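Here is a predicted model. The questions below ask what justifies some of the labels attached to its parts.

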Amino acid sequence: MKPKSPLVDKKVQAQLRACTQTAAAVLWESLACGRPADRTLAGLMRGHREYGSRDRRLISNTVFALFRWWGWLRPLAPYAFLEALQAENRQELAAPERPMREWAPIILAAWLLDDSEIPEAATTLARQAGADTRHLESWVQPAVLQKRGAAVLRLLKALNQDSVLCLEALAPDWTAEELQDPTLMEKLVGWLQRRPPLWLRAQTADAEALVRELSEAGLAPRPHPQMPGALRLDDPRVNLYTLLAYRKGRVEVQDLASQVIGAVCSPKPKERWWDACAGGGGKSLQLAALMQGSGSVTASDIRAYKLEDLKMRARRGGFSNIRCKPWDGKRLRAKQAKYDGVLVDAPCTCSGTWRRNPDARWTSLREEIVEMGDLQFGILSHAASGVKPGGVLVYGTCSLFRRENDEVVGRFLHENPEFKLDPFTNPLTGQPCNGTLQIWPWDGNCDAMFAARFRRQD
């Protein structure tokens with residue numbers, strides 16, 4: 001192998017230093033302080049305008065790989081960092097600064113485990129980690145999850161460390177017990193370790209023209225065979241937000257599982273719908289699009305500031321049938337039961353997004369599931385007061401757990417006998433559903449979500 005010039009070595013060292021410092025900072029802010037990794041990372045990036053696109057891509061991939069594999073990588077983290085995480089006052093502390101060579105083993109292992117492209121700097125990092133670079137090629141991207149674990153064990157052994165790795169360590173130890181079917185745990189973990197694609201929703205009647213436009217811009221959109229307008233991007237290298245199609249509202253970022261919830265609602269033109277927990281408004285936009293711009297969509301959220309983003313997105317998409325209205329979370333008066341459909345995309349633990357937001361696995365608490373179940377039942381019951389006789393109520397969460405999904409549905413049906421489950425067709429498969437649907441990552445290479453559709457009796 002031809003030796004690198006000193007200039008190249010300096011560039012690699014600078015890149016590794018930036019990657020290490022940023023990754024360590026984001027790990028600390030998330031694990032010690034509970035702050036979302038994506039927001040922390042975005043803030044740090046804004047403070048370093050000197051980072052180029054390749055640097056930013058490397059840093060971002062490294063950060064999320066570290067969280068994705070943290071259950072296996074934890075033994076490789078610097079001892080001082082792990083010790084500080086155990087401190088009772090850790091939220092008041094700054095991340096302990098450690099030399100770059102102490103972070104080299106864990107970052108190298110993250111690169112080897114993840115299914116992204118191995119950076120050119122891997123050999124340099126391996127030397128800093130004290131690993132035998134002659135065998136580096138054999139460690140790269142094993143196809144089977146267990147073989148990836150063996151690669152880490154090999155690295156641990158090279159560094160004179162012993163450890164035992166198991167699939168359950170890649171998620172909180174209580175996860176299987178909270179699933180509706182604990183036997184799915186192994187399959188679920190396997191999917192959680194895959195880097196997710198980016199899903200788009202065509203917000204135009206001519207989806208084929210949009211596909212051509214995005215392709216000409218350097219993207220490679222792949223239409224979903226069952227969901228009209230759903231487009232998948234695998235590892236996009238172009239900034240979508242700078243494209244004319246996005247700026248003109250012809251396309252929106254929305255995960256496939258989220259799009260399924262809108263399809264389960266199945267609103268008709270000229271109907272009146274209420275999105276009771278609209279947030280940033282992705283599903284409000286989808287409802288308005290499915291209604292072909294007619295009828296009305298009322299978007300509410302107890303956090304009024306969240307609706308500002310929806311207003312901007314609605315203007316960009318040219319939707320005049322969306323209006324934002326505050327809701328205090330209480331039952332509506334009888335005369336306000338005027339909606340043909342009500343969507344309750346309830347707040348939840350967001351465990352269904354652990355693949356896309358792997359840091360949340362390590363900051364989620366089991367007791368939050370019980371608290372969320374009570375909150376979700378209250379919101380669903382109060383929002384149901386807006387459904388007119390014969391109307392539809394749809395309950396959705398991005399959760400994996402039965403206590404936020406099936407148990408909330410069962411409790412709601414028991415206490416609200418005027419509502420019955422309303423069977424529908426699974427938008428991803430065309431198969432009939434009895435009124436509830438759990439979407440798993442393997443159902444469409446997407447997030448996990450839950451949907452239940454009810455109908456109010458006349």
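Q: What makes R323, K325, R333 and K335 a patch of positive charge?
A: Lys and Arg count as positive, and like charges are joined within 9 Å when their residues have over 30% relative accessible area and no salt bridge. R323, K325, R333 and K335 gather on the surface in such a patch.

Q: Why is K335 called exposed?
A: Exposed means over 50% relative accessible area. K335 has 69%, so the term applies. This lysine, K335, sits in the loop between β7 (322-324) and β8 (339-345).

Q: Why is L428 counted as buried?
A: The limit for buried is under 20% relative accessible area. L428 has a relative accessibility of 8% and therefore counts as buried. L428 lies in a loop, the one between β11 (424-425) and β12 (432-433).

Q: Why is helix α14 described as largely enclosed by the rest of the structure?
A: Helix α14 spans residues 256-265, and nine of its ten residues are buried, so the description holds. The buried residues are L256, A257, S258, Q259, V260, I261, G262, V264 and C265.

Q: What makes the approach of D255 to A257 at the start of α14 a polar contact?
A: A polar contact needs a pair of N or O atoms within 3.5 Å, one able to donate a hydrogen and the other to accept it. Here a side-chain oxygen of D255 comes to within 3.0 Å of the backbone nitrogen of A257. After α14 comes S266, with a positive phi near 50°.

Terms used. Residues are numbered from 1 along each chain as its sequence is written. This is a predicted model: local features need pLDDT of at least 70, side-chain atom pairs count only at pLDDT 80 or more; totals for chains, interfaces and linings use all residues. Side-chain values use heavy atoms; hydrogens and water are left out. Patches are made of residues with over 30% relative accessible area and no salt bridge: like charges are joined within 9 Å, nonpolar side chains (Val, Leu, Ile, Met, Phe, Trp, Tyr) within 5 Å. Accessible areas come from the Shrake-Rupley method with a 1.4 Å probe; for residues, only the protein chains shown count as cover. A salt bridge is a side-chain nitrogen of Lys or Arg within 4 Å of a carboxyl oxygen of Asp or Glu. The place of a charge is taken as NZ of Lys, CZ of Arg, CG of Asp or CD of Glu. Helices (H or I, at least four residues) and strands (E, at least two) are DSSP runs, numbered from the N terminus. Buried means under 20% relative accessible area, exposed over 50%, partly exposed in between (1.4 Å probe, protein chains only).
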